[in-house]
Amino acid sequence: MPTTHLLYLHGFRSSPRSAKAQQMHAYVQAHAPGLIWCCPQLPPSPREAMALVAQLTAGWPVAEPGHESPQLAVIGSSLGGFYASWAAQRLGCKSVLINPAVNPARDLAKYIGEQTAWHDPEERFFFRPEFIAELQALDVRALLPAGPELLLAAKGDEVLDWREMVQRYPHATVRLQEGGDHALSNFADYLPEIAAFLGWRL
């Protein structure tokens with residue numbers, strides 16, 4: 001059954017205006033026009049961000065407990081990949097993870113304080129100390145995946161370690177790119193494979 005509802009979660013300091021989110025949305029509009037697309041601007045608080053995700057997906061099809069929902073899928077990049085694993089557990093669905101953050105509670109501790117938004121440097125927000133505990137509360141590494149996983153990881157990621165990604169997702173279908181970067185600038189090259197993973201017949 002093809003995916004009919006797709007959630008896209010952006011990374012730290014990012015937004016729905018990111019290149020990957022825009023490319024994915026354009027691809028959806030061209031190849032799956034009836035699909036329900038959800039790509040929210042996530043608040044800085046991890047707890048509030050996932051509360052928003054829960055609210056926005058509340059009316060989506062629900063699978064029987066312990067079963068995968070083939071109609072739903074979530075895509076996440078960087079911190080959004082960490083969130084995507086949590087959301088996939090909640091929704092019981094497949095996930096696409098793009099250079100995902102594996103341990104953001106550790107990695108983001110050095111960013112506590114005022115930050116600027118990547119797509120609008122005039123926009124500022126505070127990454128608060130209590131957000132570290134909120135990230136720890138969302139960690140689902142101890143759980144088996146709720147559905148199939150597709151991991152896109154670049155060895156040239158200048159922010160996160162691809163080895164941790166591969167180790168974190170032992171059950172995933174892995175596409176490991178030589179070189180590349182954290183933004184996965186050639187993301188468009190993977191769109192047909194993502195579409196196949198989501199069950200779309202192009």
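This section describes strands, helices, nonpolar cores and salt bridges in a predicted model.

Strand E4, which covers residues 94-98, has five of its five residues buried, so this strand is largely enclosed by the rest of the structure. The burial applies to both of its faces, with Lys-94, Val-96 and Ile-98 buried on one side and Ser-95 and Leu-97 buried on the other. Strand E4 is paired with two other strands in the parallel sense: five bridges join E3 to E4, while four bridges connect E4 with E7. Within these pairings, Val-74 is placed opposite Ser-95 of E4, and Leu-97 is placed opposite Leu-151 of E7. The strands E3 and E4, taken together with helix H3, make up a β-α-β unit that is right-handed.

The largest nonpolar core of the model contains 38 residues, and those that touch the most other members are Leu-7, Leu-9, Val-74, Tyr-83 and Leu-135. Several elements each supply at least two residues of this core, and they include strands E1 (5-9), E3 (72-77), E6 (120-127) and E7 (149-154), as well as helices H2 (46-56), H3 (79-91), H5 and H6 (162-168). Helix H3 gives the most to this core, its share being eight residues. A second core, separate from this one, holds 26 residues, among them Met-24, Tyr-190, Ile-194 and Ala-195. Val-74 thus appears in two settings, as one of the residues of the largest core that touch the most other members and as the residue opposite Ser-95 in E4.

Helix H5 illustrates how burial can be distributed around a helix. In this helix, which spans residues 130-137, Phe-131, Ile-132, Glu-134 and Leu-135 are buried. When H5 is seen down its axis, these buried residues fall within an arc of 160°, so they line one face of the helix. Gln-136 and Ala-137, on the other side of H5, are exposed. Among the buried residues of the helix, Leu-135 has contacts with parts of the chain beyond its sequence neighbours: leaving out residues up to four places away, Leu-135 touches Pro-46, Leu-79, Phe-82, Tyr-83, Pro-104, Ala-105, Leu-108 and Phe-127. One of these contacts, Tyr-83, is itself listed with Leu-135 among the residues that touch the most other members of the largest core.

Charged side chains were examined next. Side chains of opposite charge can pair when their charged atoms come close. A search of the whole structure finds eight salt bridges. In one of them, the side chains of Arg-47 and Glu-134 meet with an N to O distance of 3.8 Å. This pair links distant parts of the chain, Arg-47 being in helix H2 and Glu-134 in helix H5, 87 residues apart. The two partners differ in their surroundings, since Arg-47 has a relative accessibility of 51% and counts as exposed, whereas Glu-134 has a relative accessible area of 14% and is buried because that value is under 20%. In another salt bridge, between Asp-107 and Arg-106, the closest N and O atoms are 2.7 Å apart. Here Asp-107 is partly exposed, at a relative accessible area of 21%, and Arg-106 also counts as partly exposed, at 42% relative accessibility. A further salt bridge is formed by Asp-161 with Arg-163, the closest N and O atoms being 3.2 Å apart. Asp-161 is partly exposed, with a relative accessible area of 32%, while Arg-163 is exposed, with a relative accessible area of 51%. Through salt bridges that share partners, Arg-47, Glu-48 and Glu-134 are joined into one network.

Two further buried residues, each located in a strand, were considered individually. Phe-125 lies in strand E6 and is buried, with a relative accessible area of 16%. Apart from residues up to four places away in sequence, Phe-125 touches Phe-12, Arg-13, Pro-44, Gly-113, Glu-114, Gln-115, Thr-116 and Ala-117. For one of these contacts, Gln-115, the C-alpha atom is separated from that of Phe-125 by 5.4 Å, although the two residues are 10 residues apart along the chain. Gln-177 is placed in strand E8, which covers residues 173-177, and is buried at a relative accessible area of 12%. With neighbours within four places in sequence left aside, Gln-177 is in contact with Ala-153, Ala-154, Lys-155, Leu-184, Asn-186 and Tyr-190. The last of these contacts, Tyr-190, is included in the second nonpolar core.

Definitions and conventions:
Residues are numbered from 1 along each chain as its sequence is written. This is a predicted model: local features need pLDDT of at least 70, side-chain atom pairs count only at pLDDT 80 or more; totals for chains, interfaces and linings use all residues. Side-chain values use heavy atoms; hydrogens and water are left out. Buried means under 20% relative accessible area, exposed over 50%, partly exposed in between (1.4 Å probe, protein chains only). Contact means heavy atoms within 4.5 Å. The arc is that of the directions from the helix axis to the C-beta atoms. A nonpolar core is a set of buried Ala, Val, Leu, Ile, Met, Phe, Trp, Tyr and Cys residues joined through side-chain atoms within 4.5 Å. Two strands pair if DSSP finds at least two bridges between them. A crossover is right-handed if, with the strands pointing away from the viewer, the path from the first strand over the helix to the second runs clockwise. A salt bridge is a side-chain nitrogen of Lys or Arg within 4 Å of a carboxyl oxygen of Asp or Glu.
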